[in-house]
Amino acid sequence: MVFQKLASDQFEQLVFCHDESVGLKAIISVHTTVLGPAVGGCRMWNYKDEQEALTDVLRLSKGMTYKAAISGLNWGGGKAVILGDSKTQKNPAMLARFGEYVERLGGTYVTAKDVGIGSDDLKAVKTRTRHVLGIDGVAGSSGDPSPATGWGTYHGMKACAKAAFGTDSLKGLTIAVQGLGSVAYYLIEHLVAEGAKVIGCDVDQAVIDRAVKKYGIETVRPDAIYDVACDIFSPNALGAVINPETLPRLKTKVVAGAANNQLLSAAEGHELMKRGILYAPDYAINAGGLINIYYEGGQAGQNGYSKEAAFAHCERIGQTVAQILERAAAEKKPTFLMADQIVEERLAKARAAKK
Ligand code: NAD
């Protein structure tokens, strides 16, 4: 069954890491290295069972391939999961041992933060391997990815506005922003500066207060955000927010935000197109954080992190989104499928060139 799954999505390598003495059970998935090293964070999660962990690491590593490829990065997709409770079962010896497994892969897989694994944990991993990116507070680090993600999402949104309203100016548009957390905080700064009217929501009162104080935005109750009449609906909180319950309520022309996995399923992608709502594929518009870290890795030829180069690349998310929307319109396809197709074309070309 495992090889069948690997074959169906052209996975290259799956590594099971085990050391009882330090409580390590981990899986590293290298989806593809056809464009470059397989980069992706390490997640620590208390999975229900091994099957759930395996499914997650495969899905997430493939997702990283797509995000890197659509963004023009010369990186493949990888991911690691450590099975266990990050609050009670994590320890430096376990993380160092995990680092040894990463090192054994010789740079095929490069690890970073994810849910349950923070910068301090990565420091323990780094005692055993060079192949780690995104440790905050150390020299040459790219730091918090949220400003870059906000900057890229803003430019992706402008590309959507151009396609939907004929101008990339957001001035005078009403933008409903779901979630006012790390990314949204930076995103809203650009929206407000350009003269958009922002209506936001969050489930955390302190986060709401921070955004209202800084930007003077209007807010609504979390569940009311789907009913706001707006030009752009921007999900920046959770996944699967475009689903059969919420989609019919949307009064918008565009869905464009930084949240991962916004569509519950492919059906919602088709339905958005049917209703004439332009959807910016999530992994294309929210790639700013990954792009930012790319400029830490020396991949782009520079020595150490370059914020200027990273943000210039994030700005090009606007062109990427525009290209997806244009081709989708020309080929009469939903935008989420168009993005996948563009990635698959790039991968096929690279595979053919390697042969
Ligand atoms: P965050 O945790 O800082 O912010 C998310 C906010 O959403 C929080 O303030 C939370 O209270 C709020 N929220 C949760 N449930 C909500 C609900 N039902 N309604 C309204 N608000 C709700 O996270 P973030 O780093 O800003 O990331 C936001 C989204 O963007 C996530 O889906 C994340 O996976 C994705 N993303 C983030 C980055 C990045 O650079 N941080 C990069 C790519 C994708």
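**Helix α7, the parallel sheet and selected residue environments**

In the predicted model, helix α7 spans residues 205-215, and its buried residues are Val207, Ile208, Ala211 and Tyr215. These four positions lie on the same side of α7, because they cover an arc of only 100° around the axis. The face turned away from this buried side carries the exposed residues Ala206 and Lys213. The packing partners of the buried residues of α7 are helix α6 (182-193) and strand β9 (218-219). Both ends of the helix show local features of the backbone or its capping. At the N-terminal end, Asp204 acts as a cap, with a side-chain oxygen 3.0 Å from the backbone nitrogen of Ala206. Just after α7, Gly216 adopts a positive phi of about 65°.

Strand β9, against which α7 packs, belongs to an open sheet of 6 strands. The strand order is β9-β8-β7-β10-β11-β12, and the pairing is parallel. The edge positions are taken by β9 and β12 (278-279), each of which pairs on one side only. Strands of a sheet pair through backbone hydrogen bonds, in either a parallel or an antiparallel arrangement. Within this sheet, β7 (residues 174-178) and β8 (residues 197-201) run parallel and are joined by 5 bridges. Among the bridge partners, Thr174 is matched with Lys197 of β8, and Val177 is matched with Gly200 of β8.

Strand β7 is largely enclosed by the rest of the structure, since 5 of its 5 residues are buried. In a regular strand the side chains alternate between the two faces of the sheet. In β7, Thr174, Ala176 and Gln178 point one way, whereas Ile175 and Val177 point the other way, and all are buried. The two residues of β7 with the bridge partners named above therefore point in opposite directions from the strand, Thr174 one way and Val177 the other, and both are buried.

Three further residues illustrate environments elsewhere in the chain. Leu290 is found in helix α10 (residues 288-294) and is buried, with a relative accessible area of 11%. Apart from residues up to four places away in sequence, Leu290 touches Met64, Lys67, Ala68, Leu73 and Trp75. Leu290 and Met157 are 133 residues apart in sequence, and their C-alpha atoms are 18 Å apart in space.

Ser142 is located in the loop between α4 (119-126) and α5 (146-165). This loop residue is buried, at a relative accessible area of 9%. The side chain of Ser142 makes a polar contact of 2.6 Å with the side chain of Glu296. Beyond residues up to four places away in sequence, Ser142 touches Asn292, Ile293, Glu296 and Tyr305. Glu296 thus appears both among the residues touched by Ser142 and as its polar side-chain partner.

Val2 lies in helix α1 (residues 2-8). With 37% relative accessibility, Val2 counts as partly exposed. Contacts of Val2, with residues up to four places away in sequence left aside, are made to Leu14 and Leu54. The C-alpha atoms of Val2 and Ser119 are separated by 32 Å, the two residues being 117 residues apart along the chain.

At the level of the whole protein, the model contains 13 helices and 12 strands. For 355 residues, a compact globule would have a radius of gyration near 20 Å, and the protein's value of 20 Å agrees with this expectation. The C-alpha trace spans about 60 × 50 × 40 Å along its principal axes. Buried residues make up 55% of the 355 residues. Of the contacts with a separation of 6 or more, 64% are between residues 24 or more positions apart. The accessible surface comes to about 15600 Å², and 53% of this area belongs to carbon and sulfur atoms.

How values were computed:
Residues are numbered from 1 along each chain as its sequence is written. This is a predicted model: local features need pLDDT of at least 70, side-chain atom pairs count only at pLDDT 80 or more; totals for chains, interfaces and linings use all residues. Side-chain values use heavy atoms; hydrogens and water are left out. Buried means under 20% relative accessible area, exposed over 50%, partly exposed in between (1.4 Å probe, protein chains only). The arc is that of the directions from the helix axis to the C-beta atoms. Contact means heavy atoms within 4.5 Å. A polar contact is a pair of N or O atoms within 3.5 Å; within protein, one must be able to donate a hydrogen and the other to accept it, and residues adjacent in sequence count only if both atoms are side-chain atoms. The radius of gyration is taken over C-alpha atoms; the globule rule is 2.2 Å times the number of residues to the power 0.38. Accessible areas come from the Shrake-Rupley method with a 1.4 Å probe; for residues, only the protein chains shown count as cover. Two strands pair if DSSP finds at least two bridges between them.
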